[in-house]
Amino acid sequence: WMRDPYVRKGPDGVWRILSTGGGGSREDRIKYGPSCLYMTSKDMINFQEEGPLYLMKDVKRISEEGREQMVRNIWAPEWFYDEVSGKYMLLWSSSFEREGWMKSQLWYCWTEDFKTFTPAQVLFSPGYSVIDGTILKEKGKYYLFYKEEMFGEENGERRAIRMAVADKPEGPYTEVPGPLNGGQIVPVIT
């Protein structure tokens with residue numbers, strides 16, 4: 001199954017899809033954590049499933065109960081080709097919390113071949129929950145668009161698109177305040 005598919009053509013002419021949900025066995029999920037699905041196509045019609053990518057397999061924390069814990073999700077993965085380094089940056093949101101949107105951060109790693117990956121690192125963590133990041137390069141700057149994902153009694157309705165900017169794809173990113181609701185650019189429903 002596939003959710004949140006992101007498709008883009010690489011500089012090598014190959015179409016690549018990354019998506020939430022990666023399949024894999026229950027045993028692999030226990031051992032490596034969540035995955036995202038990776039598929040390729042040369043014609044954008046016939047896609048080949050390359051398999052699950054366990055991008056967070058080395059990221060763990062100690063829970064309040066004193067147990068080692070892996071993240072619970074890899075949501076809305078995307079990729080960005082950096083022509084400066086000649087590498088692909090993968091980015092996604094992950095959380096250690098019970099609900100995937102709670103205290104979510106944007107993470108990233110690099111690859112040259114979609115087979116070997118650098119260890120995952122936090123890309124952006126502004127102090128509130130963020131998901132669904134995407135990067136665009138314009139006039140030598142890197143723009144990160146992301147969704148603020150906070151709602152409930154404590155915070156009210158805080159779901160909207162925001163933006164941050166950096167000089168390199170891996171940041172550091174500085175928030176660009178929007179005109180709405182304390183810095184948001186566009187409110188969203190879901």
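These legends describe close-up views of a predicted model.

**View 1. The largest nonpolar core and its contributing strands.** This core has 19 residues. Those with the most contacts inside it are L18, L53, L55, M56, W79, L90 and W92. Three elements give two or more residues to the core: β3 (36–41), β8 (87–94) and β9 (105–111). Of these, β8 gives the most, with 3 residues.

**View 2. Surroundings of W92.** Leaving aside residues up to four places away in sequence, W92 touches L55 and M56. Its partners also include I74, W75, A76 and P77. A run from Q105 to C109 is in contact as well, namely Q105, L106, W107, Y108 and C109. A120 completes the list. Apart from the core of W92 lies another core, of 18 residues. F80, F124, V130 and I135 are among its members.

**View 3. I135 in strand β11.** The strand covers residues 130–138. I135 has a relative accessible area of 2%, so this residue is buried. Beyond its sequence neighbours up to four places away, I135 touches R8, F80, M89, L91 and L123. Further contacts of I135 are Y142, Y143, L144, P169 and Y173. R162 is 27 residues from I135 in sequence. In space, the C-alpha atoms of I135 and R162 are 12 Å apart.

**View 4. The ring pair F124 and Y146.** The model holds 8 aromatic pairs. In this one, the ring centres of F124 and Y146 are 4.8 Å apart. Their planes meet at 55°, so the pair is tilted. F124 belongs to strand β10 (residues 121–124) and Y146 to strand β12 (residues 141–150), so the pair ties together parts 22 residues apart in sequence. Both partners are buried: F124 has a relative accessible area of 6%, and Y146 has 1%.

**View 5. An aromatic cluster, with R8 over W79.** Y38, W79, Y81, Y88 and F114 form one aromatic cluster. R8 lies over the face of W79, 5.8 Å from the ring centre. W79 is also among the residues with the most contacts inside the largest nonpolar core. R8, in turn, is one of the residues that I135 touches.

**View 6. Polar contacts of T20.** T20 lies in strand β2 (residues 15–20). Its relative accessibility is 3%, under the 20% cut-off, so T20 counts as buried. The side chains of T20 and D4 are joined by a polar contact of 2.9 Å. A polar atom of the T20 side chain also lies 2.7 Å from the backbone nitrogen of A76. A76 appears again among the residues touched by W92.

Methods: Residues are numbered from 1 along each chain as its sequence is written. This is a predicted model: local features need pLDDT of at least 70, side-chain atom pairs count only at pLDDT 80 or more; totals for chains, interfaces and linings use all residues. Side-chain values use heavy atoms; hydrogens and water are left out. Helices (H or I, at least four residues) and strands (E, at least two) are DSSP runs, numbered from the N terminus. Buried means under 20% relative accessible area, exposed over 50%, partly exposed in between (1.4 Å probe, protein chains only). Contact means heavy atoms within 4.5 Å. A nonpolar core is a set of buried Ala, Val, Leu, Ile, Met, Phe, Trp, Tyr and Cys residues joined through side-chain atoms within 4.5 Å. A polar contact is a pair of N or O atoms within 3.5 Å; within protein, one must be able to donate a hydrogen and the other to accept it, and residues adjacent in sequence count only if both atoms are side-chain atoms. Rings of Phe, Tyr and Trp (its six-membered ring) pair if their centres lie within 6.5 Å; planes under 30 degrees apart count as stacked, over 60 as edge-to-face and the rest as tilted. A charge sits over a ring if NZ of Lys or CZ of Arg is within 6 Å of the ring centre and within 35 degrees of the ring normal.
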